[in-house]
Amino acid sequence: MSDDAVPAHPHPIEFNDAKRRIKAIFVGSIGNLVEWYDFYAYTAFALYFAPAFFPSSDPVVQQLNAATLFAAGFIVRPLGGWLFGHLADRYGRRLSLTISVLMMCFGSLIIAVTPTYASIGFAAPALLALARIIEGLSLGGEYGASATYLSEVADPEHRGFYSSFQYVTLIGGQLTAILVLLLLQNVFLTHEQLVAWGWRIPFVIGAALAIIAMFMRRHMQETDAFTAASKQPVKRESSLRGLLKYPREVAIVVGLTAGGTAAFYTFTTYMQTFVKQTVGLSDLTTTYVIAGSLIFAAILQPIYGAISDRIGRKPMLIFFGVAGTLLTVPILTTLAGTKSPWIAFLLISGAWVFTAGYTSINAVVKAELFPTSIRATGIAVPYAVTVSIFGGTAPVIALWFKQQGHEQWFYYYLAGVIFLSLLVYTTMRDTKHNSAMHRHD
């Protein structure tokens, strides 16, 4: 049954109600931006801090070690998804989101103050790994609770548009990290200072921003859906046991996420290393190219989200699946062969034209699959498992192929994963017209 058949607002939304929703989305989105800034600061500054933690004369090996720890943060994301999903479904979205951003603060602080390998030996990468695990737990919970919150506070007619701001702020977090990198590179520090100690600054900034976001989230409103669900007599059971009642929905989340998350982490986190080491652009030019493509990507999110409110979610996903399968190899092959920053920018932006078909609406699609009582867990756990397998490992797999001398094999790997998701897109129902958002069981 479609929740569009049971509209929550039979009359036009009043101004005060719209203002309330927009304020809630703003607060939820800002916290999301801070969390992702903290997480992506690791990638943005990996080129500078990797030598401090991983002794090696080969920069590819150093980056591979850094990428491996980046992937380690994803291994614990399913645990974070379960923990914070349970908190969100049992005690409220607000509490879950507040605690998750506080944990991200601790992770950033550890990275900021950890001594180098030259000072404490293997304890340095061990502490770095601990910080990434804490951040991975935090982010594992952030995605599910954030996707749930933004989808629930939006009105049904504009749910795709409003929920798309999760990826606007997610991309905005990475843009903020890159902006800090640009300022440090060009205004405040020399290259030598960045390598020596300047890479610690963004993590101090991230910890401070996380504290501000925590206080903002403490006062955010709870969603009407959770409030309504909490008033209903519900048999208490473990969140994972409750999730087992929805095997089809869980399988859909896994299938629709695999290709999308592999593409997303390829054209965000891995692109900085790819453009620097494979294309051969300078540090500064690489930063400009990545920042420009991310701005373009952020602009696409609400546009595609609004389109999905008109034509449905399924056509957007199929567009991503078909274009991603056919164009990934040509785009990455051409990108590897160019030396022009403008061509590099256009190619990466071209990849975002189809990747946004997934990123802009994947949160709302997952939210529309599950009833309120299990929604945050239903989004977070299967998503986190899939991201751990296909998303966080994308930079590691790409760098491993590069180290083996077969970098182009990764292009076909990515296209293949997207194709597998396309099979799911073509067989699933359109969640805009078959939504569970109105169900609180």
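User: In which helix does phenylalanine 267 lie?
Analyst: This is a predicted model, in which local features need pLDDT of at least 70, side-chain atom pairs count only at pLDDT 80 or more, and totals for chains, interfaces and linings use all residues. Residues are numbered from 1 along each chain as its sequence is written, and side-chain values use heavy atoms, with hydrogens and water left out. Helices are DSSP runs (H or I, at least four residues) numbered from the N terminus, and phenylalanine 267 lies in helix 14.

User: Is phenylalanine 267 buried or exposed?
Analyst: Buried means under 20% relative accessible area and exposed over 50%, with partly exposed in between (1.4 Å probe, protein chains only). The relative accessible area of phenylalanine 267 is 1%, so this residue is buried.

User: Which residue has its C-alpha atom 6.9 Å from that of phenylalanine 267?
Analyst: Leaving aside neighbours within four places in sequence, phenylalanine 267 is in contact (heavy atoms within 4.5 Å) with residues including Trp352 and Leu414. The C-alpha separation of 6.9 Å joins phenylalanine 267 to a residue 81 residues apart along the chain, isoleucine 348.

User: How many of the 33 residues of helix 14 are buried?
Analyst: Helix 14 is largely enclosed by the rest of the structure. The count behind this, out of 33 residues, is 26.

User: Where is the kink in helix 14 centred?
Analyst: The bend at a residue is the angle between axes fitted to the seven residues ending there and the seven starting there. In helix 14 the kink is about 60°, and its centre is tyrosine 270.

Note on methods
Helices (H or I, at least four residues) and strands (E, at least two) are DSSP runs, numbered from the N terminus.
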